[in-house]
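Visitor: I would like a close look at the charged side-chain pairs of this model, with the cut-offs stated as each term comes up. Please begin with a single residue and work outwards from there.

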Amino acid sequence: MVNKIKKLKKIRFHSEGRDTLFYGAILIILVALLLWFGFETKIPFIIFLIVFGTVYGLVVNFYRCPIRYFPSEDTDKIVVAPADGKVVVIEEVDENEYFHDRRLMISIFMSPLNVHANWFPVDGKVKFVKHQNGNYHKAWLPKASEENERADTMLTTDDGTDILCRQIAGAMARRIVTYAKEGEECFIDEHLGFIKLGSRVDVFLPIGSEVCVKMGQATTGDQTVIAKLK
């Protein structure tokens, strides 16, 4: 796309987690000080620091937001992974909600240890965004794509190809955030949204798209090419 405009915000930790990290750090520091000065033995302080220091470290890892750029300016026909995680589904499915035909679905499961920022998988324009309430089945189960709480973002590429990107809440996830806005242009390298805790992202592509990943393969959001449009 000519004159591609990048709207990235250079942040190391995702904005969704800034309050959690800030107030969590203050709480840990205050309790640690009380334990240090409130007991003659330092054992309670050491135990608290080990346990909650580890928990805080996991939370920091969850909210990290690496700055990424797709390594090539040529993104025509390219579909990148919208999330860090593991490929759990590559199959043709009947998509009867929007397309009413068969589509190639590629699904990426995010564990609590993965970065949970989501990226746009293609360059184009946001056709619409819809949020639907639902269940909280384990995200890797096939029925999660249709029955779980989800946010559907339809993207239209420059040549008119519609791509559906579906953010799915998992058994632990309770909040889906979508930054995409109807009518706005979207680009690879930009954030589509964020999902808290274990979750999954499905991408629905036209039949005939070239699959560039395999089952069980680890993906890096905005870096791994998962498919090429025909």
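Visitor: What does D101 count as, and at what relative accessibility?

Guide: D101 counts as partly exposed, at 33% relative accessibility, where buried means under 20% relative accessible area, exposed means over 50%, and partly exposed lies in between, with a 1.4 Å probe and protein chains only. This is a predicted model in which local features need pLDDT of at least 70 and side-chain atom pairs count only at pLDDT 80 or more, whereas totals for chains, interfaces and linings use all residues. Residues are numbered from 1 along each chain as its sequence is written, and side-chain values use heavy atoms, with hydrogens and water left out.

The side chain of D101 meets that of R103 in a salt bridge, at 3.2 Å from N to O; the term stands for a side-chain nitrogen of Lys or Arg within 4 Å of a carboxyl oxygen of Asp or Glu. R103, at 11% relative accessibility, counts as buried. The whole structure holds eleven salt bridges, one of which joins D159 and K77 with 2.5 Å between N and O. That pair links distant parts of the chain, since D159 sits in the loop between β6 (150-156) and β7 (162-169) and K77 in the loop between α2 (43-63) and β1 (78-80), 82 residues apart; helices (H or I, at least four residues) and strands (E, at least two) are DSSP runs numbered from the N terminus. Both ends count as partly exposed, D159 at 44% relative accessibility and K77 at 29%.

A further salt bridge pairs D152 with R166, whose closest N and O atoms are 2.7 Å apart. Because D152 lies in strand β6 and R166 in strand β7, this pair ties together parts that are 14 residues apart in sequence. Both residues are buried, D152 at 0% relative accessibility and R166 at 2%. Salt bridges with shared partners join E97, R150, D152 and R166 into one network.

Away from these charged pairs, a nonpolar surface patch of about 870 Å² is made by F22, Y23, I26, I29, L30, L33, W36 and F37. Patches consist of residues with over 30% relative accessible area and no salt bridge, like charges being joined within 9 Å and nonpolar side chains (Val, Leu, Ile, Met, Phe, Trp, Tyr) within 5 Å, while accessible areas come from the Shrake-Rupley method with a 1.4 Å probe, only the protein chains shown counting as cover for residues. Within the patch, L33 lies in helix α1 (residues 18-38) and is partly exposed at 43% relative accessibility.

Some of the patch residues also take part in the four aromatic pairs of the structure. Here rings of Phe, Tyr and Trp (its six-membered ring) pair if their centres lie within 6.5 Å, with planes under 30 degrees apart counted as stacked, over 60 as edge-to-face and the rest as tilted. The ring centres of F22 and Y23 are 5.1 Å apart and their planes stand at 75°, so this pair is edge-to-face; Y23 is exposed, at 54% relative accessibility. W36 and F45 also form an edge-to-face pair, 5.0 Å centre to centre and with 70° between the planes, in which W36 is partly exposed with a relative accessible area of 38%, whereas F45 counts as buried at 16%.
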